[in-house]
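Colleague: I'm new to this one. Can you put it on screen and walk me through it?

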Amino acid sequence: MKLPLPPLPTALRPKPKRPGEGERVKPLDQVKEAGIATVDWVDERTSLSGPARWVMFRKVPKGTNWFYTLGSATLFAFLSQAVTGVFLAMYYDPSVTNAYESARHITNDVFLGEFVRGMHKWGSTLMVILVCLHMARTFFFGAYKYPRELNWVIGVVLLILTFVMSFTGYLLPFDQRSYWATIVGVNINGTGPIAGPFLSDFLRGGAEFGATTLSRFYAIHMLLLPGAIIALIGAHLYLVTKLGTTAPPWLRAESGDGIREESI
Ligand code: HEM
């Protein structure tokens, strides 16, 4: 119930609001409003909100657990390798005479060089471990089955490319260990049936191990493979978004349905 106003003199009565005069907007609300306006501005010109919504607001099956984060962990390991690799490439010289010296220079003289080189080195080991754990998770949870076979195949190619990434990176410091270990690795490749000798010739860049081998490994390591991995991760994540995540097998068994209950 609205109470009648007390009999106040006109000067003391609350003034009615003028048209257009609203509540005082708080600074935080202004910032929020500016954010929304910016997103709207971009969306009006690109219509990106639809695809963004498609990627972000997905149904996730019941029972997902920490094992489902291994794919994202692999992705972040890859991103960390990409960022640290860019900084290493700023100082590294892929020539047989300067490679070792430039790697030594990064470790001993460049600001945070040892830290960034260490991150790249240990990050590569971590990525190999994570990609294997992620593959084991998708295998044991039956995520390779219909309709995700293609994503499994893309995953296998990603696994091989991750290994080739480690193999080609190992030569780059060009010290005694990396030199001889790579010769052993290339020779092992050469023992493969039919394609083996061609593969080892391709990796060496000829019959002999030398200057071409190093620049070839460098080009494969920092141009060819990152490009291929980025493209394949894009396809991999597109399929994850499109097909949704597999429910844990014990929940699938309960409902007796392999596919439909995944969009619960
Ligand atoms: C660079 C390497 C890789 C990255 C960055 C990556 C990333 C991801 C991410 C973020 C997901 C969604 C989250 C998850 O389920 O964990 C996923 C799902 C999946 N990945 Fe990978 N992955 C990689 C390699 C592999 C490999 C080696 C395989 C198998 C051979 C594989 C097979 C799958 C499958 C089948 C799914 C669907 C899982 C489901 O539906 O539950 N991935 N991946």
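Modeller: Sure. This is a predicted model. Start at the iron atom of the ligand: its protein donors are His134 and His236, each through NE2, at 2.0 to 2.1 Å.

Colleague: Where in the chain do those two sit?

Modeller: His134 is in helix α5 and His236 is in helix α9. They are 102 residues apart, so the pair links distant parts of the chain.

Colleague: What is the geometry of the iron site?

Modeller: Octahedral, with 6 donor atoms. The angles among them run from 84 to 179°.

Colleague: And what would ideal angles be?

Modeller: For six octahedral donors, 90 or 180 degrees.

Colleague: Is His134 buried or exposed? Same question for His236: buried or exposed?

Modeller: His134 has a relative accessible area of 18%, so it is buried, as the limit is under 20%. His236 is at 14%, and therefore counts as buried too.

Colleague: Zooming out, how many residues surround the ligand?

Modeller: There are 26. The closest are His134, Arg137, Gly155, His236 and Thr246. By type, the shell has 13 nonpolar, 11 polar and 2 charged residues.

Colleague: Which helices supply at least two residues each?

Modeller: α3 (70–89), α5 (113–140), α6 (149–171) and α9 (211–243).

Colleague: What about polar atoms close to the ligand?

Modeller: Here are three pairs. A side-chain N or O atom of Arg137 is 2.6 Å from a ligand oxygen. A polar side-chain atom of His134 lies 2.8 Å from a ligand nitrogen. Tyr68 uses its backbone: a polar atom there is 2.9 Å from an oxygen of the ligand.

Colleague: Let's change topic. Which helix holds Thr168?

Modeller: Helix α6. Thr168 has 1% relative accessibility, so it counts as buried.

Colleague: What does its side chain reach?

Modeller: The Thr168 side chain reaches the backbone oxygen of Val164 at 2.8 Å. A 3.2 Å polar contact also joins it to the side chain of His221. Leaving out residues up to four places away in sequence, Thr168 touches Phe217, Ile220, His221 and Leu225.

Colleague: Last one. Where is Tyr91?

Modeller: In the loop between α3 and α4 (99–108). Tyr91 is at 42% relative accessibility; partly exposed runs between 20% and 50%, so that is its class.

Colleague: Which residues does Tyr91 touch?

Modeller: Ser102, His105, Ile106 and Val110, again not counting residues up to four places away in sequence. Its C-alpha atom is also 7.9 Å from that of Ala103, 12 residues apart along the chain.

Methods
Residues are numbered from 1 along each chain as its sequence is written. This is a predicted model: local features need pLDDT of at least 70, side-chain atom pairs count only at pLDDT 80 or more; totals for chains, interfaces and linings use all residues. Side-chain values use heavy atoms; hydrogens and water are left out. A residue is near a molecule or strand if one of its heavy atoms lies within 4 Å of it. A polar contact is a pair of N or O atoms within 3.5 Å; within protein, one must be able to donate a hydrogen and the other to accept it, and residues adjacent in sequence count only if both atoms are side-chain atoms. Helices (H or I, at least four residues) and strands (E, at least two) are DSSP runs, numbered from the N terminus. Ala, Val, Leu, Ile, Met, Phe, Trp, Tyr, Cys and Pro count as nonpolar, Asp, Glu, Lys and Arg as charged, and the others, Gly among them, as polar. Donors are N, O and S atoms within 2.8 Å of the metal (3.2 Å for Na, K and Ca); water is not among the atoms, so sites may look incomplete. Four donors count as tetrahedral if all angles lie between 85 and 135 degrees; four count as square planar and six as octahedral if opposite donors are over 155 degrees apart and all others between 65 and 115; anything else is irregular. Buried means under 20% relative accessible area, exposed over 50%, partly exposed in between (1.4 Å probe, protein chains only). Contact means heavy atoms within 4.5 Å.
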